[in-house]
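Q: Could you take a close look at the lining of the largest pocket, and at how that part sits within the rest of the fold? Which residues lie nearest its centre, and which elements supply the lining?

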Amino acid sequence: MRRIAVLAVAFGAVLYGVHRLAMVAVAWLIGNEDMIVGLDCCIDYHRNAPDPWGNVLVAVSGVLATQAVAWSAIGLLAARRGSARVLATLAGTAFVVSPLLQLIVYVVWHWAERDYVAVIDYLMDATGLPEMALMVAMLGLFAGYALIFWLAVRGAWDRATIAPVPAAPAP
């Protein structure tokens, strides 16, 4: 159990870096350098930037990058390509570090300048939809994603941990 905890902390640190660097890379790639503050894009969102859809893309790119890592781990777990515990820990940590932690920050500290707050703000700018409608949509999207994610992890875990049935001996 201690090994899993150490792995989760190490994976969490690496995934936090992946999250931040993805945001900076996307901001740089789409030419939205107003979003970049040092090696971060979350410290000071520029709400008056001219491209609200670009801002949405930058704001979600960190979560998307960590979830790409998570789904890669789930795929490797299902394919039995590594330690089941290590891969499940990586997938679970990626889920906790990015979408779940961002949701907790959003719900508890709605005023905090974090990804989901920025996504809602930028979507309000881009679509003109009311904040409450976007918040409900975001929570529904998160709940659906969480269900799909954990069903995939569970299925991959079951596949990885069930011993293959040996072939019958030839007559």
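A: Read along the sequence, the protein chain runs α-α-α-α-α, with 5 helices and 0 strands in total, where helices (H or I, at least four residues) and strands (E, at least two) are DSSP runs numbered from the N terminus. This is a predicted model, in which local features need pLDDT of at least 70 and side-chain atom pairs count only at pLDDT 80 or more, while totals for chains, interfaces and linings use all residues. Residues are numbered from 1 along each chain as its sequence is written, and side-chain values use heavy atoms, with hydrogens and water left out.

The largest pocket has a volume of about 370 Å³. A pocket here is an open set of points on a 1 Å grid over the protein atoms alone, where a 1.4 Å probe fits and protein lies on both sides within 12 Å along at least five of seven lines; lining residues have an atom within 4 Å of a point. The volume is the space filled by probe spheres set on the points, which are joined across faces, edges and corners.

The lining comprises 15 residues, and those nearest the centre are Val60, Val63, Tyr116, Met138 and Leu141. Helices H2, H4 and H5 are the elements that each give two or more residues to this lining, and H5 gives the most, with 6 residues. By residue class the lining divides into 14 nonpolar, 1 polar and no charged, counting Ala, Val, Leu, Ile, Met, Phe, Trp, Tyr, Cys and Pro as nonpolar, Asp, Glu, Lys and Arg as charged, and the others, Gly among them, as polar.

Tyr116 also links this part to the interior, for Tyr116 and Phe149 have the most contacts inside the largest nonpolar core, a set of 35 residues. Such a core consists of buried Ala, Val, Leu, Ile, Met, Phe, Trp, Tyr and Cys residues joined through side-chain atoms within 4.5 Å, and buried means under 20% relative accessible area, with exposed over 50% and partly exposed in between (1.4 Å probe, protein chains only). Two or more core residues come from each of H1 (2–29), H2 (52–78), H3 (84–108), H4 (115–127) and H5, and the largest share, 11 residues, belongs to H3. With neighbours within four places in sequence left aside, Phe149 is in contact (heavy atoms within 4.5 Å) with Gln67, Ala70, Trp71, Ile74, Ala91 and Phe95.

Helix H3 also holds Thr89, which is buried at a relative accessible area of 9%; beyond its neighbours within four places in sequence, Thr89 touches Ile4, Leu7, Ala8 and Phe11. Across the chain, 39% of the 171 residues are buried, and residues 24 or more positions apart account for 68% of the contacts with a separation of 6 or more.

Helix H5 (residues 131–161), besides its part in the pocket, contains Arg154 and Asp158, 4 residues apart, about one turn of the helix. Their side chains meet in a salt bridge (3.3 Å, N to O), defined as a side-chain nitrogen of Lys or Arg within 4 Å of a carboxyl oxygen of Asp or Glu, and a search of the whole structure finds 1 salt bridge. Arg154 is exposed, with a relative accessible area of 54%, whereas Asp158 is partly exposed at 28%.
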